[in-house]
Amino acid sequence: MSTSEPSATREAVLEMSPEQFRDAGHRVVDLVADFLATIRDRPVTTGETPLEIRRHLQADRELPETGSEPRALLEEAAELLFNHSLFNNHPRFWGFITSSASPLGTLGDLLAAAVNPNCGAWVLSPMASEIEAQTVRWIATLLGYPASCGGLLVSGGNQANFVCFLAARQAKAGWDVRSAGFGPAAPSLRVYSSKETHTWIQKAADLFGLGTDSVRWIPTDRRQRMRVDALRDAIAADRARGDRPFLVVGTAGSVSTGAIDPLLELSELCQKEDLWFHVDGAYGGFAAALPDAPADLKALTLADSVAIDPHKWLYAPLEAGCALVRDPERLRAAFSYHPDYYHFGIAATNYVDYGPQNSRGFRALKVWLALRHAGRQGYVQMISDDIRLANELAEAVRVCEGLELKTKDLSIVTFRYVPPDLADQAAVEAYLNDLNREVLTRLQQRGEYFLSNAVLDDQFLLRACIVNFRTTSADVQAAPGTVVRYGKEVDQELRPAELRRSLTAT
Ligand SMILES: Cc1ncc(COP(=O)(O)O)c(C=O)c1O
C-alpha cells in the first residue's frame with residue numbers, strides 16, 4: 001500500500017500558466033490587429049506556387065519529438081499565414097462567394113474555443129445552446145421566416161442544404177427511408193432544380209441514396225431563372241412514368257449570376273402538387289431583409305425549408321451555415337436517435353436531434369455577436385452597400401471600352417474582355433474564352449484583384465461578387481481599367497495568327 005498522499009497537481013505540457021496565456025494571447029491579438037490594419041496595403045494573394053508555400057512551411061520537417069514555446073509558435077504561425085495567404089478580408093477580393101469576416105467574429109471564435117461547449121446536447125452547453133437557439137430565431141426573423149421554425153448552425157451552405165434535403169426526403173418519400181432505405185421496389189424519388197443550382201444538389205442526391213439521375217435539371221429563362229412551365233411539365237411526365245416527385249429546390253441568388261428563381265410561383269406549384277419546397281438562399285437569402293427586396297426573394301418565407309449562410313452575407317468567419325425548417329418536428333423526424341448511452345436529464349433542445357453531427361462546436365457565437373454588433377439596420381446597410389457597389393461596377397464595366405457586361409443580379413457582375421477590333425466577329429468565341437480564362441488566371445495570381453468565373457451560353461466570363469464590407473467605390477472604379485490592362489497583355493501574347501491582322505491594324 002502506498003503511503004504517499006495523492007497528488008493534487010499534474011504536469012501536463014499543454015497546460016499554460018495564466019501569465020503565459022495572457023502574454024501569448026496579447027501578442028496574437030496585437031499581430032491580428034496590425035494585420036487587419038494593413039490588409040489594404042497587401043496584395044490580395046501572393047500567388048506563390050504549392051512548392052514555394054511548402055518551402056516556407058518546411059513541409060518536409062518531421063513531427064517534433066518535444067514541444068516548443070507557445071508565444072514563439074504563434075508568432076511563426078502568424079508570419080506564415082499573413083505573408084503566404086489569400087485574403088478574402090481584402091477589399092479587392094471578389095471571388096466565389098466568400099465574404100470579408102467580421103473582426104468581432106474572430107474574437108468570438110476565441111471565446112467559443114475557450115469555453116469549448118459541446119453543442120450536441122443542452123446539458124453540455126447550456127448557455128451556448130440557448131445562444132444558438134436565439135441566433136437561429138434572429139436569422140429567421142431577419143428573413144421574415146417564421147420564428148417558430150426549427151434550425152441549427154452547420155458548417156456551410158452544402159451542409160445546410162443537406163439537412164433540409166434529408167428533412168424533405170423523410171417527410172415526402174411516402175415510406176420510412178431512414179429504416180427501410182431504398183429497396184428494389186422503392187419508387188424512384190425525383191428532385192427538381194434549375195440548371196443553375198449549386199452543385200450541392202448532386203452531392204445530396206449522390207450521398208443520400210437517390211443517385212444524381214434523380215435530379216431533374218429544369219431549364220432557365222434569359223435571366224437564369226427556373227422556368228415554371230418546364231417544371232410543371234417535368235413533374236407531370238415523372239408522375240405519368242410512375243416516379244415519385246418529392247422536392248422542388250428554388251434558388252435565392254444563384255452561385256454564378258445571383259439569379260432569383262420565381263419563388264412565389266414555385267411555392268404555389270408545390271402546394272398544389274404536395275411537394276416539399278426548399279429554397280437555397282445560401283448566398284442571396286439575407287438580401288430578403290432589405291425593405292426593397294424583390295417580391296420573389298421575399299417569397300422564400302413560404303418555403304418548407306431554407307438554407308442560408310452566415311459565412312456569406314452575414315460576414316461571419318468561416319464556418320457558419322444555417323438550416324431552417326418551418327416545422328421543427330420534421331427535423332427531429334429526419335435525424336433523431338436515442339442510443340442507450342445518451343441520458344440527458346433535462347427537457348431542452350439537444351441539437352444532436354436536429355442534424356447529422358453529434359459533437360458540435362459553438363459556431364453560433366460569432367454570428368450572434370455580429371448580429372448584435374451591427375443590428376438589423378447595420379446589416380441592411382452593409383448588404384445594400386454591396387449591391388450598390390455591384391451596380392456601380394456593372395455601370396463602370398458597361399462604359400469601359402474593351403469590356404462586355406453580361407449580367408448583374410444582387411451583388412454579382414459578370415463580364416468579359418473583348419478586344420475592340422474583335423467585338424463584332426462571330427468566329428472568335430473560342431479565342432475569347434481562352435483569352436478570358438488566361439486573364440482570370442493572371443488576375444488570380446498577381447494579387448491586384450481576385451475574381452472568379454461563370455460560364456453562360458458557352459462563354460467564359462469574369463465574375464465579381466461583392467460580399468465585402470471593406471470594398472469602396474474607388475476599388476470598384478479602378479477594376480475595369482485593371483482588367484483591360486490584363487486583357488491587352490494577354491491578347492498580345494495569345495492571339496492566333498488568323499486573327500492577328502486586326503491586332504496589328506489597331
Ligand atoms: C447558392 C449556393 N448554395 C450553396 C453553396 C455552398 O455553400 P458552402 O460553400 O458554404 O458549402 C453556395 C456557395 O457558394 C452557393 O452559392
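Me: What makes the pair formed by Gly-157 and the ligand a polar contact?

Reply: In this predicted model, a backbone N or O atom of Gly-157 lies 2.8 Å from an oxygen atom of the ligand. A polar contact requires a pair of N or O atoms within 3.5 Å. The pair at Gly-157 is therefore a polar contact.

Me: Which atoms of Asn-158 and of His-311 lie 2.8 Å from an oxygen atom of the ligand?

Reply: For Asn-158 it is a polar backbone atom, while for His-311 it is an N or O atom in the side chain. With a limit of 3.5 Å, each of these pairs therefore counts as a polar contact. The ligand taken alone exposes 390 Å², of which the protein buries 84%.

Me: Why are Asp-280 and Asp-309 counted among the residues that surround the ligand?

Reply: A residue belongs to the surroundings if one of its heavy atoms lies within 4 Å of the ligand. There are 14 such residues, and Asp-280 and Asp-309 are among the closest, together with Gly-157, Asn-158 and His-311. By class, the shell holds four nonpolar, seven polar and three charged residues.

Me: Which elements give two or more residues to this shell?

Reply: They are α6 (157-172) and α12 (310-313). The greatest contribution comes from α6, with three residues.

Me: How do you know that the ligand sits in a pocket?

Reply: The criterion is that more than half of the atoms of the ligand lie within 2 Å of the grid points of the pocket. The ligand is assigned to the second largest pocket, so that criterion is fulfilled there. This pocket holds about 330 Å³ of space. It is lined by 24 residues, and those closest to its centre are Phe-96, Ile-97, His-198, Val-255 and Lys-312. At least two lining residues come from each of α6, β5 (276-281), α12 and β10 (452-456).

Me: What is the division of the lining of the second largest pocket by class?

Reply: That lining has eight nonpolar, 13 polar and three charged residues.

Me: How much space lies in the largest pocket, and which residues are closest to its centre?

Reply: About 1,200 Å³ of space lies in the largest pocket. Its lining comprises 38 residues, with Val-28, Val-29, Val-32, Leu-74 and Thr-106 closest to the centre. Two or more lining residues come from each of α1 (18-37), α3 (70-83) and α4 (103-115). Among the contributors, α1 has the largest share, twelve residues. The classes in this lining are 26 nonpolar, nine polar and three charged residues.

Key: Residues are numbered from 1 along each chain as its sequence is written. This is a predicted model: local features need pLDDT of at least 70, side-chain atom pairs count only at pLDDT 80 or more; totals for chains, interfaces and linings use all residues. Side-chain values use heavy atoms; hydrogens and water are left out. A polar contact is a pair of N or O atoms within 3.5 Å; within protein, one must be able to donate a hydrogen and the other to accept it, and residues adjacent in sequence count only if both atoms are side-chain atoms. Accessible areas come from the Shrake-Rupley method with a 1.4 Å probe; for residues, only the protein chains shown count as cover. On a 1 Å grid over the protein atoms alone, a cavity is a set of points where a 1.4 Å probe fits but cannot get out, and a pocket is an open set with protein on both sides within 12 Å along at least five of seven lines; lining residues have an atom within 4 Å of a point. Helices (H or I, at least four residues) and strands (E, at least two) are DSSP runs, numbered from the N terminus. Ala, Val, Leu, Ile, Met, Phe, Trp, Tyr, Cys and Pro count as nonpolar, Asp, Glu, Lys and Arg as charged, and the others, Gly among them, as polar. Grid points are joined across faces, edges and corners, and a volume is the space filled by probe spheres set on the points.
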